[in-house]
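Let's sit down with a model and learn to read its features one at a time. Bring your questions.

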Amino acid sequence: MVRPQDRDREPLDEPPSRLESPPEGLASDDALRRLEQYGYNELPERKSSPLRKFLGYFWGPIPWMIEIAAALSALLGHWADLAIIVLMLLINAGVGFWQEYKADDAIALLRQRLALKARVKRDGAWRDIEARLLVPGDLILIKLGNIVPADVKLAEGPYLSVDQSALTGESLPADKKSGEDAYSGSIVRQGEMTAVVTATGGRTYFGKTARLVQQAGTVSHFQRAVLQIGNFLILTTVGLVAVMVVAGLFRKNPLIEMVQFALILAVASIPVALPAVLSVTMAVGAERLARLKAIVSRLVSIEEMAGMDTLCSDKTGTLTKNELTLGSAQPARGVELEELLVAAALASRRDAPDSIDAAVLAGASQVRGLERFEVRAFHPFDPVAKRAEADVERDGKCFKVAKGAPQVIVDMCAPDPEARRGIAALVEEDAAKGYRTLGVARDDGQGWRYLGLLPLFDPPRDDCAQTIKAARGMGVDIKMLTGDHEAIAREISGRLDLGRNIVVADTVFGDGAPADKLPKIMAADGFARVFPEHKYAIVKALQGAGRIVGMTGDGVNDAPALRQADVGIAVSGATDAARAAAALVLVAPGLSVITTAIEEARRIFERMTSYAIYRIAETMRLLLFMTAAILIFNFYPVTAIMVVLLALLNDIPIMMISYDNVPFARMPVRWDMSRVLTVASVLGAYGVIESFVIYWLARDYLHLPAAALQAVIFLKLLVSGHMTIYLTRNKGWAWQRPLPSWKLIVPCEATQFLGTLLVVYGVTMAPIGWGLALFVWAYAIASFFVANAVKIGSYRLLGHVAPSHALHLARVERHVSA
């Protein structure tokens, strides 16, 4: 059992012998003992106790207002009011505590799924474990794209270049060699080395490991808009309540009772649940996305995903299967096939091969005698140099081998112009068939000698063409990005119906490129010979044109583009650095995961929009009706205790909006404040009118006494308010599919039934019996149909196509015409 208190008592400095690792790594039992001694490799989190969190909900402006109202009820001797107000305070605290628990639980699950991994040698074998299980003395392997999981002392390997900018502010990567230290949280830009862990957890130099999942440090556009709505409602509430108080003072109403009523009305009208509903809606949505194999690393990125209208997609692994197979090798003149395959195999990593290495090794599996070669040093593939190299020895003779992009290998060998043209023709011929090629070379100490080409084929995913068609139907324009030759890109793009307008990246961003790059970028179906810096430039250009851009990537050099994109997407198998920079991390391959995530993000957006419209409409309905009734008729339509009950009964179904079934928009969605405010204002104004109509009917035609009239108004406000939740779910008739979730229907109907029982049997109010209660229900249902028609009419007056959709359609038309 790991005890943090014991860990904290451990001295910071250890004898060097304690931190050494044997060549076979630590034994498992020794690692377990050290884990108990040093604790987990994670920063200690200060967590408040559940009781402290719960008590926190009784402290703050809103709880203070409720507590003052309770104190005034006790002062007036209104014990029933006091009991219900205290109950309201407890329920508000309980609901808030439960919602925070749900959101924290969801975020903890996301952190767990995005946990950093480390490759460690234990019991003589290399294995992948969670980085939190590393202990001082562990022997680990760190390589290109890794985030260094703990403070380490570098042991063996040719070199390492690490980016420490997040720790030290240095803008350039630092070159490291054996015996030097590397710190937790730095990113490996080049090379690979083994290293011995020297410090973990809170003892690391900066201890950034536990911060890989960045929580909502920034506020999204949608959150800002909803918080603006909250501030608007608070100011409106305070203003109208102040008007009521001033009117009461002129009419010489009892001061204490008036203040108590004003406080309770303010609490009922202010959107207390707004932060909880917002965070839980996002957290619940993130849980759903995680089940769909798409893990959200920053909750606020859900809004950008819902509005994404352009996706720049990597070819390999996303559009293709990433299952490379070796075609017929093409040795150079005078080179034996076996020599070509041996050199390629030696320039491949055998202990942890990537997809290219695996294909080469499988193709060379029939070659005998590979075991007689000793690889003295291996330099893994570098995305900048675009090649891998190995220093090899056999029978005392040393030489070098390399494999990589054909143009890079050809430049290293510097053949004559005629040979160069012949190689280029072969590459073009292979590319036209959909093959990507690797060049292979050998250096025996007299310069690099060209050995030949290895064609590799990576077929498109079976479902990819259909998924692309579906994505375009959702208003998402897909552009393919690949480092491969343009002929390969054109062949794959054609097979997937992406279009054949493939642009070589250097013709847009290289020397002699046109000053106005945007038309060419917008018109392109894809880009070939793409380097990481090109990805960043493409994203910036598209964003400058007003697009909301998604970008997929997997390598360390993709991190800047992933961070710049509105929705950076780390594909399955991405490096630690790419995962840390991305907003969305895929744990399953393919484009279909992304389109499913977009669909779910749009549903989440609809749920939040639904809540925003409901909250504004209900606050306007209650406040304007109350203010007008008091000012015009000098009549309080509901009592203070009724306001408390309304707030209590409304809170429960509101929390279930996060689980509702909602339609998703067929086109990208963006926040449209004017539309939300307009629809909510129309529904709120209609609610005021329908409330005055039933007030007039009950007073002048049914001749009800004041107490019974207040009970009727209470029931009407409750039933109509809950029906408004159904009303704001979509833009059409409330009964259109998808139907409301049972998780929303059950609490809605249960609280309506409970409120009806209170009115019928006169709990804390005058009883009105079943006859009048059924009359109120019939009126509310009839009014609901009228309100539905009013809502649909409002949307039609605002236009069938939202401004954001119209803007996107216009862009698509310009793109097609270009």
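What follows is a short dialogue about the structure shown here.

Q: Before we start, what sort of model is this, and how are residues numbered?
A: It's a predicted model: local features need pLDDT of at least 70, side-chain atom pairs count only at pLDDT 80 or more, and totals for chains, interfaces and linings use all residues. Residues are numbered from 1 along each chain as its sequence is written, and side-chain values use heavy atoms, with hydrogens and water left out.

Q: How many helices and strands does the protein chain have?
A: Helices (H or I, at least four residues) and strands (E, at least two) are DSSP runs, numbered from the N terminus. Here the protein chain has 30 helices and 23 strands.

Q: What share of the residues is buried?
A: Buried means under 20% relative accessible area, exposed means over 50%, and partly exposed is in between, using a 1.4 Å probe and protein chains only. In this chain of 818 residues, 55% are buried. For a partly exposed example, take Arg472, with a relative accessible area of 34%. Arg472 sits in helix α17 (residues 464-473).

Q: Which residues does Arg472 touch, apart from its neighbours within four places in sequence?
A: Contact means heavy atoms within 4.5 Å. By that rule Arg472 is in contact with Ile478, Asp497 and Leu498. A C-alpha distance is another thing you can look at: those of Arg472 and Met667 are 9.3 Å apart, although 195 residues separate the two along the chain. For the whole chain, among contacts with a separation of 6 or more, 74% are between residues 24 or more positions apart.

Q: Is helix α15 largely enclosed or largely open, and why?
A: Count the buried residues. Six of the eight residues of α15 (406-413) are buried, so the rest of the structure largely encloses it. The buried ones are Pro406, Val408, Ile409, Val410, Met412 and Cys413. Their cover includes β14 (387-394), β15 (397-404), α16 (417-432), β16 (435-443) and β17 (448-457). Right after α15 comes Ala414, with a positive phi near 50°.

Q: How do β14 and β15 pair?
A: Strands of a sheet pair through backbone hydrogen bonds, either parallel or antiparallel. The rule used here is that two strands pair if DSSP finds at least two bridges between them. β14 and β15 are antiparallel, over eight bridges, and Ala388 stands opposite Lys403 in β15. Their hairpin has two residues between the strands, and Asp395 there takes a positive phi near 55°. β14 also pairs with β13 (residues 374-382), antiparallel over six bridges, with His379 partnered by Glu389 of β14.

Q: Which strands pair with β8?
A: β3 (residues 139-143) pairs with β8 in the antiparallel sense over five bridges, and Ile140 has Ala195 as its bridge partner. β4 (residues 151-154) is antiparallel to β8 over four bridges, and β5 (residues 159-163) is antiparallel to β8 over five. As for cover, eleven of the 13 residues of β8 (187-199) are buried.

Q: What is the strand order of the open sheet of eight strands?
A: The order is β9-β23-β22-β21-β10-β18-β20-β19, with mixed pairing. β9 (294-296) and β19 (502-504) are at the edges with a single partner strand each, so one side of each has no neighbour in the sheet. From one strand to the next, the twist averages 20°. At the β9 edge, three bridges join β9 to β23 (residues 584-586) in an antiparallel pair, and one of the facing pairs is Ala294 with Leu586.

Q: How do α25 and α28 pack?
A: Axes are lines fitted to C-alpha atoms, for helices over the stretch in contact, and angles run from 0 to 180 degrees between N-to-C directions. α25 (residues 640-654) and α28 (residues 742-761) pack at about 160°, with axes 8 Å apart. That makes the two helices roughly antiparallel; the cut-offs are under 35 degrees for roughly parallel, over 145 for roughly antiparallel, 65 to 115 for roughly perpendicular, and oblique for the rest.
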